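Here is a quick walk through a protein model for someone who works at the bench. Have the sequence and the 3D view open as you read.

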Amino acid sequence: MAAEKNLAIRAEYTGTDPNLKPAAHAFARVIREAVREDGTFADPELEEEFRRWREEKKGA
């Protein structure tokens, strides 16, 4: 018999503003790892996909 799994999101308010600095640092780290110094993506497939998307957007 499989166990039933319930997933729920519950919002709670503590009355204090959240510290978003750790999330911002993590996001910045991910961006630094994904992008080279010249602004292109480090992953060649992602860079090609981005170039195609940009060209399609120009044509629209």
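What follows goes from the overall form to one helix and then to three residues.

This is a predicted model, in which local features need pLDDT of at least 70 and side-chain atom pairs count only at pLDDT 80 or more, while totals for chains, interfaces and linings use all residues. Numbering starts from 1 along each chain as its sequence is written, and side-chain values use heavy atoms, with hydrogens and water left out.

Let's start with the whole chain. The protein has two helices and zero strands; helices (H or I, at least four residues) and strands (E, at least two) are DSSP runs, numbered from the N terminus. Its radius of gyration is 20 Å, whereas a compact globule of 60 residues would come in near 10 Å. That radius is taken over C-alpha atoms, and the globule rule is 2.2 Å times the number of residues to the power 0.38. The C-alpha trace spans about 45 × 40 × 25 Å along its principal axes.

How much of the protein is buried? Buried residues make up 3% of the 60 residues, where buried means under 20% relative accessible area, exposed over 50%, and partly exposed in between (1.4 Å probe, protein chains only).

Now for helix H2, which covers residues 44-59. Its 16 residues reach 23 Å from first C-alpha to last, close to the 22 Å expected at 1.5 Å a residue; the expected span is 1.5 Å times one less than the number of residues. Asp 43 caps the N-terminal end of H2, with a side-chain oxygen 3.1 Å from the backbone nitrogen of Glu 45.

Here are three residues worth a click:

| Residue | Place | Relative accessibility |
|---|---|---|
| Thr 40 | loop between H1 (21-34) and H2 | 14%, buried |
| Glu 47 | helix H2 | 10%, buried |
| Trp 53 | helix H2 | 45%, partly exposed |

Thr 40 also has a partner: its side chain makes a polar contact with the side chain of Asp 38 at 2.7 Å. A polar contact is a pair of N or O atoms within 3.5 Å; within protein, one must be able to donate a hydrogen and the other to accept it, and residues adjacent in sequence count only if both atoms are side-chain atoms.

Two C-alpha distances round this off. Glu 47 and Val 35, twelve residues apart along the chain, are separated by 9.4 Å. Trp 53 and Tyr 13 are 40 residues apart along the chain, and their C-alpha atoms are separated by 40 Å.
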